[in-house]
Amino acid sequence: MKLWPWPWATSISTLFFIVVSTFLVLRFFRKTSALQILNKWWLSFEDRLHVHQSFKVPLYNHHFQENHLYRKILTYLDSLPSVQDSDYTNLFSGHNPADIYLHLDANQTIQDIFLGAKLSWTKTNDAVIGGVGSDSAALVLRIKKKDKRRVFRQYFQHILSVAEEIELRRKEIRLYTNSSAGESSRWRSVAFTHPASFDTVAMDAELKNKVKLDLDQFLKSKQYYHRLGRVWKRSYLLYGASGTGKSSFIAAMAKFLCYDIYDIDVSKVTDGSNWKTLLMQTTSKSMIVIEDLDRLLSGKSTAVISVSSMLNFMDGIVSCCGEERVMVFTMNGTKDEVDQAVLRPGRVDVHIHFPLCDFSTFKILASSYLGLKEHKLFTQVEEVFQTGARLSPAEVGEIMISNRNSPTRALKTVITALQAQSNGGGDSEGSNRGPRNIEKNRESGHWRWERRTMDRTGRLAKEATSEGDGESFFGDTKRVARGFCVNQFGKVGGFRNWRKTTSGAMSSSVESEGAKRFVSTEGQ
Ligand SMILES: Nc1ncnc2c1ncn2[C@@H]1O[C@H](COP(=O)(O)OP(=O)(O)OP(=O)(O)O)[C@@H](O)[C@H]1O
């Protein structure tokens, strides 16, 4: 009778032992790579039960020329999550020192899964650069035979498109300017480091998304354009007063697309053949920018260019050399001042109007430049805007930058500047922005969305895409006069002066809620 507790004690200690040892085993597996090793063994055992095929992609071909497929596959493999999770891999920095890239190590094997097929890649020894006979550098693909028949072609198409996208994103963007006739090279380039992006340009969020969507759709439309027999290009017209953000917007577009920019200085183009040669020497995946289209066509600029040569440039046969191009034209005036044939759909697909700063844009700028979401002076600022007085975003931005240590002083200065406009004061160029000239310049007041289509007789017809008069989303309540402003940087040809102005440009992001701005798209 005295021994009765012992059987209980034995079972309790056995249970305790099982719990503790399970805990320790689990902890061991979690803390070490034992589980991974077991999994690897299992996979290799499973692998041996299947018939495999191997493909070798050498770095050099028989003539010791580089095999581009090798680079593309390597770019793809380096981006795989399995490289990040591998036990050992290389790290490199990119063009931008803040970018860090993973890179497969020699003799490293990684797994990939595509459409349910398990594939493994091994990178064999690195080549001695330029070394003859260094055929050991290669990538070897191992795939089950049954999967090969099913996914091989699609898998390689997938690799090539992913690699192309990655290379495009990593590419350093360059700004090209044309040199005078007679110089040996037609284009000179510098690294494009403008800090503007779609986040920093103050404009309605919906508008930005629309443009981004449009660009994104363009990027993915190669097959579509080819099927239609159309050249894969898209043209934009950015128009509005000076200092309203057109150049900054071009920078944002180039960054979004990761395209090089060819900024054509038309004054250096002497004749038609010069145009053609310039165009033929631009590369695909690039933006071609022509500023001040209205001035060029009006004959006010020093450049000698006829409407017909501009039309040829826009959609002539030479404009079709190369593809995946975005052409951007800017204008400081209104569209009425330009021959409508120049702006017809097909020549210019998207029209975006950049208005002067209204209260909603002012709030976006105040938020990004001064960190102000609300302020007691906002009511007063709004009241002055309601009188119809306007400044350009560049002018408002400059006031804010110079007074960034005192937001109250910044707002007071904006109010004073607006009041000066309202009273018809200010500089001679800006004085036509007061209410007195409102009717004349009503176009500058708001963003617009228009689509132009051909009517049955083949004539260009305006089609309203929103409620309202088909001309404007916001009616005519915020009428404004347009005028010319000389911003702080003394900028005239904004785009070409970028390199000088980047130090003064803003870099903080812009909240665009509440802004009542819009884009106008025509003739898509
Ligand atoms: N909408 C805006 N949002 C943010 N910043 C702006 C905006 N508009 C102008 N700015 C600022 O004002 C300065 C001049 O702008 P930008 O050069 O883009 O204007 P622009 O319309 O191209 O002028 P121009 O027609 O004279 O070339 C830049 O520093 C830019 O950052």
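In the predicted model, lysine 123 stands opposite leucine 139 of strand 6, a pairing that belongs to the junction of strand 5 and strand 6, where 5 bridges join the two strands in an antiparallel arrangement. Leucine 139 is also placed opposite valine 57, so that strand 6 is described from both of its flanks, because two strands count as paired when at least two bridges are found between them and strand 1 is joined to strand 6 (residues 138–144) by 7 bridges, again running antiparallel. Along that second junction, serine 54 stands opposite arginine 142 of strand 6.

These pairings form part of an open sheet of 4 strands in the order 1-6-5-4, with antiparallel pairing. Strand 1 (52–58) and strand 4 (109–114) are the edge strands, each of which pairs on one side only, and the average turn between neighbouring strands of the sheet, with direction ignored, is 25 degrees.

Two helices pack on this sheet. Helix 3 (residues 68–78) touches strand 1, strand 4, strand 5 (117–123) and strand 6, and the direction of helix 3 makes about 115 degrees with that of strand 1. Helix 5 (residues 145–170) likewise packs on the sheet, with strand 1, strand 4, strand 5 and strand 6 among its contacts, and the direction of helix 5 makes about 135 degrees with that of strand 6. The two faces of strand 6 are distinguished by their cover: Leu139, Leu141 and Ile143 lie on the covered face, whereas Ala138, Val140, Arg142 and Lys144 lie on the uncovered one. In a regular strand the side chains alternate between the two faces of the sheet. Leucine 139, opposite both lysine 123 and valine 57, is accordingly listed on the covered face, while arginine 142, the residue opposite serine 54, is listed on the uncovered face.

A further element of interest is helix 14 (residues 393–402), which is largely enclosed by the rest of the structure because 8 of its 10 residues are buried. The buried positions are Pro393, Ala394, Glu395, Val396, Gly397, Glu398, Ile399 and Met400, and they pack against helix 12 (359–370) and helix 15 (407–422). Helix 14 and helix 15 pack at an angle of about 145 degrees, their axes being 8 Å apart, and the crossing of the two helices is right-handed. At this contact, Glu395, Val396, Ile399 and Met400 of helix 14 meet Ala410, Thr413, Val414 and Ala417 of helix 15, and the residues involved divide into 6 nonpolar, 1 polar and 1 charged.

For the chain as a whole, the secondary structure comes to 16 helices and 16 strands, and 32% of the 524 residues count as buried. Among contacts between residues at least 6 apart in sequence, 73% join residues at least 24 apart.

Confidence varies along the chain. The mean pLDDT is 75, with 73% of the residues reaching 70 or more, whereas over residues 127–134 the pLDDT is below 50, and this stretch has 6 contacts in the model beyond near neighbours in sequence. Residues 449–524 also stay under 50 in pLDDT, although the model has 191 contacts for them beyond four places in sequence. The scores of the model are ipTM 0.97 and pTM 0.65.

Conventions: Residues are numbered from 1 along each chain as its sequence is written. This is a predicted model: local features need pLDDT of at least 70, side-chain atom pairs count only at pLDDT 80 or more; totals for chains, interfaces and linings use all residues. Axes are lines fitted to C-alpha atoms, for helices over the stretch in contact, and angles run from 0 to 180 degrees between N-to-C directions. Two residues are in contact if their C-beta atoms, placed from the backbone, lie within 7 Å. A residue is buried if 20 or more other C-beta atoms lie within 10 Å of its own, exposed if 12 or fewer, and partly exposed in between; C-beta atoms are placed from the backbone. pLDDT is the predictor's confidence in each residue, from 0 to 100. A crossing is left-handed if the near helix is turned anticlockwise from the far one by less than a right angle, and right-handed if clockwise. Ala, Val, Leu, Ile, Met, Phe, Trp, Tyr, Cys and Pro count as nonpolar, Asp, Glu, Lys and Arg as charged, and the others, Gly among them, as polar.
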